[in-house]
Structures are given as C-alpha cells and as structure tokens.
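Biologist: Please show me the sequence and the structure, so that we may go through them together.

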Amino acid sequence: MEMSQFLVEIKNVWKSYEIRSFWFKKQKFYALLDVSLKISKGEVIGILGESGCGKTTLGKIILDLEKPDKGEVFWFGKNLKYISRREYKSLRSKIQAVFQDPYSSLNPRYKIKDILLEPYFICIENNKKKGLEKAKELLNQVGLDQNVLNEYPHALSGGQRQRVALARALMVSPDLIVLDEPTSALDMTIQAQILELLKNFKEKIGLSYFLISHSLPVVFYLSDWIIIMYLGKIVEICKKEIFNSVDHHPYTLMLLEAHLDPFSKKPPFEKKIKGEVPSALFRPSGCVFYSRCKERQKMCLKKSPKLRKINNLQYIACFKR
Amino acid sequence: MPFLEVKDLIIGLKKMNIPLIDKVSFTLEKGEILGILGESGCGKSLTGFSLLRLFPSGVSYYSGKVLIDNIDLYSLSEKELSKIRGKKVAIILQDPLSSLNPVLTIGEQIAEVLKHHFNLNSKNRRKRIYELLKEVGISEPEIRAKSYPHQLSGGLRQRAMIAMALAGEPELLVADEPTTALDLTLQIQILELLKDLNQKKSLTIVFISHDLGVVRWISDKIAVFYAGEIVEIASTEEVFNNPLHPYTQALIESYPREGKIRKILKGSPVNLLQKPSGCRYFERCENPCKEGKNIHPDLINAGKNHWVRCFKYGNVSVFGRN
C-alpha cells in the first residue's frame with residue numbers, strides 16, 4: 001500500500017453542534033473553525049487550550065469518531081470520504097486512543113485479559129494464544145505484573161488502569177495514539193510515571209501522539225510541536241525547541257503568564273489577566289481573541305486573522321505578529 | 001497564642017478502628033496561609049473539613065483538639081457550633097456547580113448566611129449582598145444576585161461561592177482545591193482574589209491543593225501529607241529550597257520542569273487499610289533506613305521551625321515526644 005508521509009492530515013475542517021435552548025429554538029455553535037494540521041510519523045503534537053476551545057472535538061475528528069461539517073480528513077494520505085470499507089478497516093487500528101478517566105474507559109465487567117484481547121481479535125487475528133503472548137509482553141512494557149490479567153478493573157488503582165488503557169491501545173500496533181488528558185485524573189507522582197512511559201514508547205518504537213491537555217508542563221514534556229487553540233481556532237503552532245526564545249500570540253502569552261511555575265524566580269499575581277473565555281454561542285465576528293486581547297486594534301474586530309507562517313517552526317494567527 | 005491550633009487530631013472510620021488522619025498537629029498565626037499538599041486519599045481534604053467539624057458519613061472524630069481563636073471546636077454543642085460555622089470559619093469547595101443550590105439565586109443563598117448570623121433588615125441585607133458580590137470582583141451585582149448558578153460562568157460561580165463564604169465575615173477560610181476545576185486564566189484570578197482578601201482583611205486561609213505551582217505561590221507555610229499524616233511542615237521557601245523528607249523531594253523532582261522530569265517515584269500511595277507499622281513511606285523510599293521497617297517515626301524539628309517525619313534527621317522518641 002502506498003503510504004503518505006503524514007499519518008493524519010486535516011484540511012480546513014469545520015465542525016458545529018446544535019443545541020436546543022429552553023424555548024426549543026435550535027442554536028448552532030462551532031466547535032472547530034477552519035482547522036488544518038498534519039501529523040508526521042514519530043512526532044508528538046501537543047494541543048493546549050482552555051475548556052471549550054475544541055481540543056477534544058479535534059481529537060474526535062482525528063479518530064473519526066465525529067464527521068466534520070466541512071473539510072477533509074486524510075489517514076495515511078487516504079481521504080476518509082472516498083475510502084473503501086476494506087481499506088478503512090485496515091487503517092482503523094493504526095489510530096488509537098487513551099482517555100482521561102481510566103475509571104470510565106475500561107469496561108468494569110471485563111477482566112483485564114478480555115479488555116486487552118478484544119481489540120486484538122477484531123483488528124489483528126482471532127488467535128488467543130498469540131494474543132495472550134502479546135498482552136503479557138505489553139503488560140511487562142507498561143510496568144504491570146502478569147497477574148492483573150485475571151483481575152477486574154476495580155481491583156486496580158488509577159495509575160494501573162491508565163497503564164492498562166495504554167496497553168489496550170498498543171495491542172493492535174498503532175502508529176498514532178490520541179491522548180485526551182491522559183494524566184489529569186492522576187496523582188502527581190503517578191503522572192510522572194505515566195509521562196515517562198509515554199516518552200519511552202515514543203523513543204523506542206517511534207509512536208506518534210496527539211496529546212490533548214490543559215497543563216503546560218505536561219505538553220512541554222512530551223511534545224515536538226505545540227498547538228494553542230482558542231474558541232475553536234488554532235491561534236498558534238510552534239516547535240518546542242524555539243518556544244522559549246520567540247514572541248507568541250497574545251493568548252499564548254496570557255497562558256504562559258497564568259501558569260504558576262513552582263520553580264520560577266519571580267512571584268506571579270500581577271493582576272494582568274482578566275475576563276474568561278466567552279461562550280461559543282456568541283462568537284465575535286473578528287478575531288476570536290478580541291474581547292480579551294491587550295494588543296487589539298480596530299481591524300481585529302472586522303477581520304479574523306489567518307494562521308500565518310512566521311518561519312518554518314512557527315505559525316501565528318495575529319495581525320500584529 | 002496562635003490563631004489556629006490543631007493538636008494530635010485523629011479522625012477515622014466509624015466502624016473499624018482505622019484512623020484516616022493520624023495525629024495531625026499544626027499551628028497558624030492570624031493572616032497566614034497554610035498550603036496543604038498531598039496526593040488523593042492522603043487526608044488533606046478531611047483535615048480541611050475537620051476545621052469545621054464536618055465529616056462525610058461513616059467518618060468520625062476519635063481524639064485531639066482544634067482551637068480556633070482559643071475556642072475548642074470539639075467541645076462545643078451543636079447549637080454553639082452553628083454560631084461558629086460560617087461566622088468564624090467558612091469553607092469553599094472545588095466544584096461550585098455542585099456545591100451551590102441550583103434552585104436558589106445567588107442572592108438568596110448569600111442571604112441565608114446573613115439571616116443566620118446577623119440581625120439585618122431586608123434592605124440592609126440586600127445592600128450587604130451587593131457589597132459582598134462587588135468585593136469578590138463581580139460587576140453588576142444587582143443583576144448577578146438574581147441569577148441562578150447555572151446562568152453564571154465557572155469563574156463567576158466560584159466568585160459567588162467565595163462571596164457566600166465571606167458573608168459571615170469569617171476569620172478562617174478553608175479552601176479545598178478551589179481552582180482545580182477552573183481554567184488556567186481563571187485560576188490565577190481566583191488566587192489573586194484570595195491573596196487580596198488575605199492581605200486586606202488578614203483572613204487566615206488553609207489552602208488544600210495537589211498542584212505544586214499553586215501551593216508554591218499562595219502559601220506562607222506548607223504541610224506535606226502522606227498516608228494520613230504530616231511528613232513535613234515548614235515555610236514555603238524552606239520546603240522548596242531545602243526539602244528534607246524524601247517524599248517532598250520526590251514530589252518536587254517529579255514535576256515536569258523545562259521538559260524534563262528529574263526523578264520518578266516508583267509505586268503508588270499506601271492503602272490506609274493496610275498501612276505498615278513502621279514508616280509509612282518505607283516501601284517507596286529510595287534509601288530506606290533500618291529503623292523505618294518497624295518503628296514509626298515522629299515529626300521532629302530539624303531547625304528553623306522545619307518539622308520532618310524521617311529517621312535521617314534524628315530520632316526523637318528518645319526524648320519522649322509521643
């Protein structure tokens with residue numbers, strides 16, 4: 001099969017949801033506006049943003065759990081609109097997910113053994129012996145004892161469950177894993193363990209991640225590229241290496257200011273940050289960040305800035321950059 | 001005389017004899033902020049609730065003392081207690097949507113507190129409600145007082161809850177992870193508000209969190225909890241610049257810093273139902289000491305008012321503490 005250099009490519013994707021307000025009036029709001037991105041093999045893309053910015057929706061689009069209103073999604077260079085069922089099935093297993101809450105993402109009535117084998121039977125082959133071998137090997141790799149195979153999820157701790165969720169994703173040898181807030185339900189010391197594990201897999205088997213998170217240190221730890229979203233739009237894309245040495249979108253600067261770094265030298269709390277993310281229902285016509293921007297101009301209210309290339313390593317959607 | 005004194009407080013399960021927080025002691029001067037740091041299930045929230053003598057069902061008080069402004073909280077009757085709760089000590093919680101009453105407006109909920117503690121006529125009460133809402137940074141208080149919790153955004157809800165807590169003019173505020181459910185740019189605004197109240201009204205705050213960054217910048221003093229007990233307590237600067245307990249060290253080292261994690265602590269927190277007789281951190285400790293296997297260490301003073309529960313800094317049970 002001919003392979004594209006990108007695992008996933010998203011072109012000008014729009015996604016809206018309808019909500020019914022109290023008076024049965026339908027209202028439409030856009031979760032994603034004209035979003036494009038590419039994920040190469042072996043790369044980690046970290047998405048940063050506040051709640052309601054569309055980062056989880058973007059993850060669902062990549063996983064093909066949601067269909068976009070407009071725009072195209074490519075898996076390994078194949079447009080999902082025109083892909084044959086057979087091809088779709090063979091590619092489906094290459095993109096997997098690990099979700100935030102390991103308490104609800106594992107079936108409580110299944111033993112760990114069955115949780116791990118189910119995707120293997122469906123996507124790889126119906127061979128219990130080989131499947132179990134693989135399950136044991138993966139459990140070993142994620143740092144779990146083989147005894148858990150016969151346990152139910154309730155017998156495991158949060159960190160152990162997240163390891164099982166990761167092993168389940170790895171059972172079908174994927175190329176890309178969508179990680180939706182993989183550590184935010186975990187304790188600090190457990191978070192460090194899981195992050196290290198994820199980094200190891202990336203380095204050893206060249207796994208790619210699409211990491212969705214609201215935590216700056218987590219995104220910095222794993223990502224090669226950092227994408228910042230605000231109200232359904234990508235406002236900045238920046239390579240991690242240059243992140244600390246370049247100027248950013250006003251919203252990125254705001255996030256950096258709001259982050260409380262326990263190791264920074266100067267105390268925060270300068271009262272520069274005001275307001276909160278407006279509702280997606282009443283989206284302003286111009287720049288999405290207009291209402292909170294410190295550097296806004298008149299034109300920002302009329303026109304929405306496009307994501308512009310600053311150099312090979314950075315893209316910003318702002319008129320002033 | 002310190003403003004708040006907690007002395008050998010033990011609180012545990014009602015049916016089994018299992019302490020969930022074990023001999024917790026600390027003192028706090030008026031106007032100080034104590035940060036309580038720890039992982040889930042270490043007893044940090046329970047310690048917060050115990051300062052109001054509120055417990056989840058199935059949990060009860062065993063022994064120890066809580067003195068707030070020289071009032072012994074655990075010797076009061078229920079009636080006396082209701083005069084203290086909300087007036088002397090108030091609490092704000094993590095999730096404002098589930099801790100505010102959905103069928104009452106914000107104004108009505110604040111009025112409840114005022115009715116209970118003060119003798120105001122309805123006009124003055126309304127005036128006071130607006131004052132309180134303004135104080136916590138809510139613009140247009142006349143409109144907001146008439147809104148229901150679901151009509152407010154996350155940030156405004158948390159502010160409304162703080163206004164409610166402040167209605168009784170408390171001197172001690174227990175903040176149980178008040179910013180965990182909030183976005184980054186809101187979190188900092190709420191923390192700024194709490195810091196302001198602390199400085200203007202010399203409000204004493206016990207701030208419970210698992211976020212290293214938040215605790216680092218909000219508190220004057222930090223207590224690190226592990227498996228139901230304090231393992232280290234000292235000024236914020238001391239805890240971050242000179243952490244003594246191996247667990248505190250591991251917490252600080254395991255925070256992703258400039259894209260790197262310096263040390264990864266193996267294992268997971270101790271299950272309190274099967275806690276060891278010796279040092280509770282023994283299993284996860286990198287250089288466990290011999291004594292730790294069977295003997296439970298005491299909290300000892302390692303100088304500069306820096307208390308730590310580890311045998312490496314001396315053994316005090318010889319001197320008879322405990």
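The questions and answers below go from chain A to chain B and then to the contact between them.

Modeller: This is a predicted model, in which local features need pLDDT of at least 70 and side-chain atom pairs count only at pLDDT 80 or more, while totals for chains, interfaces and linings use all residues. Residues are numbered from 1 along each chain as its sequence is written, and chains are lettered from A and ligands numbered from 1 in the order in which they are written.

Biologist: What radius of gyration does chain A have?

Modeller: The radius of gyration is taken over C-alpha atoms, and the globule rule is 2.2 Å times the number of residues to the power 0.38. Along the principal axes, the C-alpha atoms of chain A fill a box of roughly 65 × 50 × 50 Å. For 321 residues a compact globule would have a radius near 20 Å, which agrees with the value for chain A, 21 Å.

Biologist: How many helices and strands does chain A have?

Modeller: Helices (H or I, at least four residues) and strands (E, at least two) are DSSP runs, numbered from the N terminus. On that basis, the secondary structure of chain A comes to 10 helices and 12 strands.

Biologist: Which strands stand at the edges of the open sheet of chain A?

Modeller: Two strands pair if DSSP finds at least two bridges between them. The sheet has four strands in the order β2-β1-β4-β5 (chain A), with antiparallel pairing; β1(A) and β2(A) are joined by 11 bridges, and Phe6(A) stands opposite Ser40(A) in β2(A). Each edge strand has a single partner, so one side of it is left without a neighbour in the sheet; these strands are β2 (26-40) and β5 (78-79) of chain A.

Biologist: How is the open sheet of chain B ordered?

Modeller: Its four strands pair in the antiparallel sense. Strand β1 (residues 4-13) of chain B is joined to β2(B) by six bridges, with Ile11(B) opposite Ile21(B). The edge strands, pairing on one side only, are β2 (19-28) and β5 (71-72) of chain B. The order is therefore β2-β1-β4-β5 (chain B).

Biologist: Is strand β3 of chain B mostly covered or mostly uncovered, and how many of its residues are buried?

Modeller: A residue is buried if 20 or more other C-beta atoms lie within 10 Å of its own, exposed if 12 or fewer, and partly exposed in between, with C-beta atoms placed from the backbone. In a regular strand the side chains alternate between the two faces of the sheet. Here Ile33(B), Gly35(B) and Leu37(B) are buried on one side, and Leu34(B) and Ile36(B) on the other. The strand is mostly covered, and the buried residues number five of five.

Biologist: Which strands pair with β3(B) in the parallel sense?

Modeller: Five bridges join β3(B) to β8 (residues 204-209) of chain B, where Ile36(B) has Ile208(B) as its bridge partner. Four bridges join β3(B) to a second parallel strand, in which Ile222(B) stands opposite Gly35(B). The strands are β8(B) and β9(B).

Biologist: Why does Ala223(B) count as buried?

Modeller: Ala223(B) lies in strand β9 of chain B. Two residues are in contact if their C-beta atoms, placed from the backbone, lie within 7 Å. Leaving aside neighbours within four places in sequence, the contacts of Ala223(B) are Phe26(B), Leu34(B), Ile36(B), Ile230(B) and Ile233(B). Ala223(B) counts as buried because its C-beta neighbours inside 10 Å number 27.

Biologist: Which residues of chain B does Ile273(A) touch?

Modeller: Ile273(A) is found in the loop between α9 (250-258) and α10 (299-302) of chain A. Ile273(A) is buried, with 21 other C-beta atoms within 10 Å. Not counting residues up to four places away in sequence, Ile273(A) touches Met254(A), Glu257(A) and Ala258(A), and from chain B Thr185(B), Ile188(B) and Gln189(B).

Biologist: Which helix supplies the largest share of the side of chain B that touches chain A?

Modeller: The contact takes 33 residues from chain B and 32 residues from chain A. On the side of chain B, α8 (184-201), α9 (212-218) and α11 (246-253) each supply at least two residues. The largest share is nine residues, and it comes from α8(B).
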